[in-house]
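Student: Got a minute to go through the charge pairs in this one with me? Let's pull it up.

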Amino acid sequence: MERIIGHDVEMRDARACRLDADQGRLYCFRMTIQLSANSCSSCPIRHRAVCAECEVDELAILEQAKSYRTVERGTMLAEAGEPLDHLSSVVSGCATMSRSFADGRRQMVGLLLPSDFIGRPGRAVSPYNIEAASEVTLCRFERRTFEQLMDRSPNIAHRMLVMTLDELDAARDWAVVLGRMSAREKVINFIVNLARREAAAHDGTVAEGPVQLHLPLSRETIADYLGLTIETTSRQFSALRRDGLIETPSAREVRIPDFARLALEIDDDDGGVIS
């Protein structure tokens, strides 16, 4: 099931949302955020998304062109080789990017989290399968309209270039993770990088002390993403618990007692501890 929202949208949580059809509002719980179909200034991803460098007049144009779409977990947002009519920014939730093979195998190639962009201007079809791993809310633009906006706005074009280069760097880093890291290091890398993304959504820093983290993926999907079996992934989570590096109050919640200690467990080119 999906919901197209063209009226004011109020979100109080990025994870569990319900639509009030009479009011045309999307109500969520736990984290207070405001989204309005008529104002980008209150958008929770405003300063990290493709519109981050836009001036006031450019935002006004984007506001007229955008729409919100909210889908349930398991919804296909794009299919490899199929037309992609809309380009989108992830506002909340998590989606997976993957490639499928003729024999049924699947390789996950990335995660899409809030502020990540789906689709490429100038490319009419999707190169990947993109599936909602949780309930996902998108801020979307008709593809040709967005391409025209890029032609008229150097700020949007520049931001798109920066985001594409960041994505390239992330893909190269992930090649190292998959090719050279042990199972333990892969799991730690996943947790540490997720903590970084969560921090970027707020004040951009990760405290060296305790960190509370929500896992957007099931253990099975994490295993798929890391190129491990679910048994190996579960064993690594158990080992990290035994070593006192993490606590797991529930299947989707991870508490890191000392983030600096956990970060030092992996070889981080950025300097290890994030402060």
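Tutor: Sure, a definition up front: helices (H or I, at least four residues) and strands (E, at least two) are DSSP runs, numbered from the N terminus. Keep in mind that this is a predicted model, where local features need pLDDT of at least 70 and side-chain atom pairs count only at pLDDT 80 or more, while totals for chains, interfaces and linings use all residues. Residues are numbered from 1 along each chain as its sequence is written, and side-chain values use heavy atoms, with hydrogens and water left out.

Student: Okay, how many salt bridges are in the whole structure?

Tutor: A search of the whole structure gives 8, a salt bridge being a side-chain nitrogen of Lys or Arg within 4 Å of a carboxyl oxygen of Asp or Glu.

Student: Which residue does E147 pair with?

Tutor: R143, with the closest N and O atoms 3.1 Å apart. Both sit in helix α2 (residues 143–152), 4 residues apart, about one turn of the helix.

Student: Is R143 buried or exposed?

Tutor: R143 is buried, at a relative accessible area of 13%. The cut-offs: buried is under 20% relative accessible area, exposed is over 50%, and partly exposed is in between (1.4 Å probe, protein chains only).

Student: And which residues are joined into one network by salt bridges that share partners?

Tutor: R184, D243 and E265.

Student: New topic. What does D116 bind to in a salt bridge?

Tutor: D116 pairs with R197, and their closest N and O atoms are 3.4 Å apart. D116 is in the loop between β10 (106–112) and β11 (117–118) and R197 is in helix α4 (residues 183–200), so the pair ties together parts that are 81 residues apart in sequence. D116 is buried at 17%, whereas R197 is partly exposed at 29%.

Student: What about R120, where's its partner?

Tutor: R120 forms a salt bridge with E167, closest N and O atoms 2.5 Å apart. R120 is in the loop between β11 and β12 (129–132) and E167 is in helix α3, so this pair links distant parts of the chain, 47 residues apart. R120 is partly exposed at 22%, and E167 is partly exposed too, at 36%.

Student: Last one: which residues make the nonpolar surface patch?

Tutor: L161, L165 and L168, covering about 260 Å². Patches take residues with over 30% relative accessible area and no salt bridge, joining like charges within 9 Å and nonpolar side chains (Val, Leu, Ile, Met, Phe, Trp, Tyr) within 5 Å. Accessible areas come from the Shrake-Rupley method with a 1.4 Å probe; for residues, only the protein chains shown count as cover. L168 is in helix α3 (residues 154–180) and is partly exposed at 37%.
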